[in-house]
Amino acid sequence: MYLSSISSLISASPTSFRLTEKFILLLVFSAFITLCFGAIFFLPDSSKLLSGVFFHSSAVETNTRTGTDSDSNVAVGTEEKILTKIRKDHEKALVEAKDTLQKRPDEIKQDIQDEKDKVLKEGKGGKDYNNLPVIEYVRPPGATGHEPSDPETKERRAKIKEMMTFAWDSYKRYAWGSNELRPVSKQGHSSNLFGSIKGATIVDALDTLYIMEMFEDFDMATEWVEKNLDFNVNAEVSVFEVNIRFVGGLLSAYYLSGKEVFRRKAIELGEKLLPAFKTPTGIPWALLNLKSGIGRNWPWASGGSSILAEYGTLHLEFMHLSKLSGNPAFAEKVMNIRKVLNRLDKPQGLYPNYLNPNSGQWGQHHVSVGGLGDSFYEYLLKAWLMSDKTDEEGKKLYYEALQAIETSLIRKSSGGLTYIAEWKGGLLEHKMGHLTCFAGGMIALGADGAPEDKTGHQMEQASEIARTCHESYARTSESD
């Protein structure tokens with residue numbers, strides 16, 4: 001109230017107040033403050049007055065009945081305490097008024113705006129993500145600034161960047177701010193997987209823009225994130241998709257650039273995803289309303305089950321959210337998933353794709369290293385690597401799962417091609433979808449830490465699976 005009055009007075013005059021004007025203003029403020037405190041003390045609906053007068057009246061009444069000096073002293077002491085408090089409040093208000101008069105007009109306006117923002121945030125139940133724990137940022141080595149010496153590699157590198165530039169420029173031109181670009185119609189599109197959150201392509205491309213040294217585009221994308229990326233939406237989202245695109249994209253951008261806006265946004269979104277874990281087992285829902293915190297699963301997923309690839313693909317991001325926020329809840333949620341899986345009997349050591357979050361029991365016994373299962377296995381391996389190879393549980397789970405896959409699912413066709421079959425209720429389906437092709441790279445990545453000198457064997461296995469995937473595309477005609 002005082003700041004608003006002073007701001008209007010100062011902004012009305014381009015020059016500073018003279019000494020006499022300051023003195024007059026102080027007298028006015030003093031009279032005004034005295035009047036306010038007087039009203040507080042004498043108005044009968046004041047809570048302060050009621051408590052003070054009640055106590056004072058009780059003391060006087062006691063004094064009248066008993067006539068003792070001690071009761072009289074209590075009444076007098078109470079009255080002195082009230083008057084002392086009024087004087088202190090009065091002096092504090094005068095000091096604040098003096099300090100305000102010495103500020104520049106722009107500083108006063110900023111104070112007013114800060115107060116408004118604070119009230120608005122408190123009214124919304126919001127949280128200030130500007131006061132996060134201090135993190136010592138260390139730029140990762142080798143992310144930028146290196147040119148390959150081999151001419152062929154350099155040419156391939158340039159071609160990939162050319163393709164990225166073409167795609168990014170088209171997105172900027174036709175779909176800026178939307179989640180994705182429809183290339184044929186040249187229109188922006190926002191998938192319902194992200195509810196009404198916008199800018200999935202911008203956030204997901206941040207790390208690529210940085211690594212490719214497209215810094216002008218990176219800065220443009222950063223500005224969009226700062227000004228337009230909003231998670232305060234009343235919409236249902238896919239927890240899995242929002243995590244890998246938005247949380248993962250923001251974390252990658254933070255680690256590459258060190259810009260705090262990415263850390264703030266990632267933690268803010270992470271906290272909005274935490275209600276997804278409010279199930280009897282702690283296995284998260286697939287879908288979550290970010291405003292209400294109400295979750296559910298896909299209706300087609302084996303009687304309302306959670307999907308292995310979805311709840312198993314939260315580990316990396318949530319571990320980093322705990323590290324960057326100082327909040328252990330993120331890590332606890334994903335580590336609990338492991339506890340649930342460890343308690344369950346696994347058919348032939350395999351992980352079915354469906355798990356009921358209420359009962360904690362497997363749904364339909366369908367096992368796939370492709371769709372519905374794929375990135376669960378990938379994240380087990382990467383959790384171990386991310387921990388600087390200290391996450392022994394993650395390592396054990398990964399290599400045991402890989403052994404079960406080799407025993408029960410990996411087969412060789414009559415034409416000599418190695419593939420990973422699917423398993424349904426004890427029966428093998430001899431097919432391998434294209435999403436399974438990532439397994440060649442995953443097995444090669446983990447071969448170095450394979451137990452019992454299996455490194456060579458796993459590298460050979462990885463090579464064979466990659467060859468099968470190559471042949472599946474090479475043998476498919478364009479018309480098909």
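Author: A cavity, found on a 1 Å grid over the protein atoms alone, is a set of points where a 1.4 Å probe fits but cannot get out, and its lining residues have an atom within 4 Å of a point. Its volume is the space filled by probe spheres set on those points, which are joined across faces, edges and corners. One heads-up: this is a predicted model, where local features need pLDDT of at least 70 and side-chain atom pairs count only at pLDDT 80 or more, while totals for chains, interfaces and linings use all residues. Residues are numbered from 1 along each chain as its sequence is written, and side-chain values use heavy atoms, with hydrogens and water left out.

Reader: Okay, how many helices and strands does the protein chain have?

Author: Both are DSSP runs numbered from the N terminus: H or I over at least four residues for helices, E over at least two for strands. Counted that way, the protein chain comes out at 17 helices and 12 strands.

Reader: And what share of the 480 residues count as buried?

Author: Buried means under 20% relative accessible area, exposed over 50%, and partly exposed in between, with a 1.4 Å probe and protein chains only. Of the 480 residues of the protein chain, the buried share is 40%.

Reader: Which residues touch the most other members of the largest nonpolar core?

Author: A nonpolar core joins buried Ala, Val, Leu, Ile, Met, Phe, Trp, Tyr and Cys residues through side-chain atoms within 4.5 Å. The largest one here has 87 residues, and the members touching the most others are Val 225, Phe 246 and Tyr 377.

Reader: Which helix gives the largest share of this core?

Author: Look at residues 239-257. That stretch brings nine residues to the core, the largest share, and is called helix 9.

Reader: What does Phe 246 touch?

Author: Touching is contact, meaning heavy atoms within 4.5 Å. Leaving out residues up to four places away in sequence, the partners of Phe 246 include Asn 179, Phe 194, Ile 197, Lys 198 and Gly 199. The rest of its list is Ala 200, Val 203, Leu 229, Phe 231, Glu 241 and Leu 269.

Reader: How many residues make up the second, separate core?

Author: Its members include Ala 286, Trp 298, Ile 307 and Tyr 354. The full count for this second core is six.

Reader: Back to empty space: how much of it lies in the largest cavity?

Author: The structure holds two cavities of 30 Å³ or more. In the largest, 14 residues form the lining, with His 315, Ile 337, Arg 338, Phe 376 and Leu 380 nearest the centre. The space in there is about 130 Å³.

Reader: Which helix supplies the largest share of the lining of the largest cavity?

Author: Two helices, 13 (329-343) and 14, each supply at least two residues. The largest share, five residues, comes from helix 13.

Reader: What about the second largest cavity: which elements give two or more residues to its lining?

Author: About 60 Å³ of space lies in this one. Val 239, Phe 240, Pro 284, Trp 285, Ala 286, Ser 306, Glu 310, Tyr 311 and Leu 314 line it. The elements giving two or more of its lining residues are helix 9 and helix 11 (308-311).

Reader: Why is the pair of Trp 384 and Tyr 399 called stacked or edge-to-face?

Author: Rings of Phe, Tyr and Trp (its six-membered ring) pair if their centres lie within 6.5 Å; planes under 30 degrees apart count as stacked, over 60 as edge-to-face and the rest as tilted. There are 18 aromatic pairs here. Trp 384 and Tyr 399 have ring centres 6.2 Å apart and planes at 75°, so the pair is edge-to-face.

Reader: How many residues apart are Trp 384 and Tyr 399?

Author: Trp 384 is buried at 4% relative accessible area, and Tyr 399 is buried too, at 9%. Trp 384 sits in helix 14 and Tyr 399 in helix 15 (residues 392-408), so the pair links distant parts of the chain, with a separation of 15 residues.

Reader: Is Ser 257 buried or exposed?

Author: Ser 257 belongs to helix 9 and touches Tyr 137, Arg 139, Tyr 210, Phe 218 and Phe 262, not counting residues up to four places away in sequence. Its relative accessible area is 12%, so Ser 257 is buried.

Reader: Last one: what is the phi of Leu 372?

Author: Most residues other than glycine have a negative phi. Leu 372 lies in the loop between strand 8 (366-367) and helix 14 (374-386), and is partly exposed at 24% relative accessible area. Its phi is positive although it is not a glycine: about 85°.

How values were computed:
1 Å grid on protein atoms, 1.4 Å probe; cavity = no way out; pocket = protein on both sides within 12 Å on 5 of 7 lines; lining within 4 Å.
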